Amino acid sequence: MVIEVDQAFIQEAEHRPKPTISDAGGIPVIDLSPILRYPIPSDPADPFPDELSDLIAEIGAACQDWGFFQVVNHGVELELLERVQAAAREFFALPVEEKRRVKRDDVNPLGYYDTEHTKNVRDWKEVFDFILNESESDLLQLKNQWPEYPPELREACEEYVEGVQKLAYKLLELIALSLNLPAKRFNGFFEDSTNFVRLNHYNPCPSPDLVLGVGRHKDSRALTVLYQDEVGGLDVKRKADGEWVRVKPTPNSFIINVGDIIQVWSNDKYESVEHRVSVNSEKERFSIPFFFSPALSTNVKPLEELVNEENPARYEEYNWGEFFKARKDSNFKKLGKENLQIYHFRKKV
Ligand code: OGA
Ligand code: NI
């Protein structure tokens, strides 16, 4: 066997993608058009139109059964997506020296990066990260680094993120209602949010059977709203049987997944599910996740309303800012050990 890629990218045999992956029995597709017609109710005890209660039940079931779903009729303008995608395509097509002028470093985790490791194996991808609220604290420096070219990237990104953030808030409210909580129960945590967007670019790979675009992982934040192009490659670990299934690209849709923080808030009712990205030898692929993330000062723990004597809190409280910093310091270099995970805060029974 001739291995054509650097050893750093090679996955251990058990984690390599199988040559054929099912996209049958995939994640639910949910039509959000009821919330374009009706306001989201503020309290689960309010009377709502059937269309809305059906939608909330559908979202609750998807969060419980899959941790993942796709949404259509989501209200985000297609034009915003097209512009940001076109600008991303231009940026990633630049020579690498040019891209590295806005490279992430040890102090500031934002900007361009092409050597990220997931679980200590290098990912076959390059990324550009930017945040909505820049901040500087003793803990972290979060400052955007916009490239000179293409000049329209910044505006396209800023306008895109506004649209996606609105959608993320609506989803957060629907998820709160599905847990029988007031719609805005989570909103306060996001006032000084650390929401950020990643532009992902996956080049074609000569050995797609040995590497992954992103190794298996769970998203550490509250909720992810992901756009993927028509190429496909996102694989989700199906809760029902532990099989990897490919998320079939649906035009003009977003993929939503529950992150670790909702898992903790919901005391494991909604679990953060493992996923990864497979690559292929022919086509490049673009994707754009929006990571909905609370303020750095947030202490994360199971919500009091969702725990009781029969269902006691399963996690110790942890501070999101400290977790984020520990992750930042480990994600960007290869370590000999596993990085911080929420199960480290799981209470011993
Ligand atoms: C991620 C991720 C999926 C994709 O960046 O966390 O899971 O399809 N991306 O690019
Ligand atoms: Ni992810």
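Visitor: In which loop does Asn 252 lie?
Guide: In this predicted model, strand S13 covers residues 244-246 and strand S14 covers residues 254-258. Asn 252 belongs to the loop between strand S13 and strand S14.

Visitor: What is phi of Asn 252, and is the residue buried, partly exposed or exposed?
Guide: Most residues other than glycine have a negative phi. Asn 252, however, has a positive phi, near 50 degrees. Its relative accessible area is 35%, and the intermediate class runs between 20% and 50%. Asn 252 is therefore partly exposed.

Visitor: Where does Asn 180 lie, and is it buried or exposed?
Guide: Asn 180 is found in the loop between H5 and strand S9 (196-202). Asn 180 also has a positive phi, near 65 degrees. Its relative accessibility is 59%, and the cut-off for the outermost class is over 50%. Asn 180 therefore counts as exposed.

Visitor: Which residues are joined by a cis peptide bond?
Guide: Most peptide bonds are trans. In this chain, a bond with omega of about -10 degrees is cis. Its proline lies in the loop between strand S8 (141-142) and helix H5 (153-178). The residues joined are Tyr 149 and Pro 150.

Visitor: Which residues coordinate the nickel ion (ligand 2)?
Guide: The donor residues follow the spacing H-x1-D-x55-H in sequence. Both His 217 and Asp 219 are buried. The coordination distances are 2.1 to 2.2 Å. The ion is coordinated by His 217 (NE2), Asp 219 (OD) and His 275 (NE2).

Visitor: How many helices and strands does the chain have, and why is it described as compact?
Guide: The secondary structure comprises seven helices and 18 strands. For 349 residues the globule rule gives 20 Å, so the chain is as compact as a globular protein of that length, given its radius of gyration of 20 Å.

Visitor: What share of the contacts with a separation of 6 or more comes from residues 24 or more positions apart?
Guide: Buried residues make up 54% of the 349 residues in the chain. Among contacts with a separation of 6 or more, residues 24 or more positions apart account for 78%.

Visitor: How far apart are the mean positions of the positive and negative charges?
Guide: The chain carries 43 positive and 60 negative charges. Its accessible surface comes to about 16,000 Å², with 48% belonging to carbon and sulfur atoms. The distance between the mean positions of the two sets of charges is 5 Å.

Methods
Residues numbered from 1 in each chain as written. Chains lettered and ligands numbered in written order. Predicted model: local features only at pLDDT ≥ 70, side-chain atom pairs only at ≥ 80, totals over all residues. Heavy atoms only, no water. Helix = DSSP H or I, 4+ residues; strand = E, 2+ residues; numbered from the N terminus. Rg over C-alpha atoms; globule rule 2.2 N^0.38 Å. Buried < 20%, exposed > 50% of the residue type's maximum accessible area, 1.4 Å probe, protein only. Contact = heavy atoms within 4.5 Å. Areas by Shrake-Rupley, 256 points an atom, 1.4 Å probe, with all protein chains shown as cover. Lys, Arg positive; Asp, Glu negative; His and termini not counted. Charge placed at Lys NZ, Arg CZ, Asp CG, Glu CD. Donors = N, O, S within 2.8 Å, 3.2 Å for Na, K, Ca; no water.
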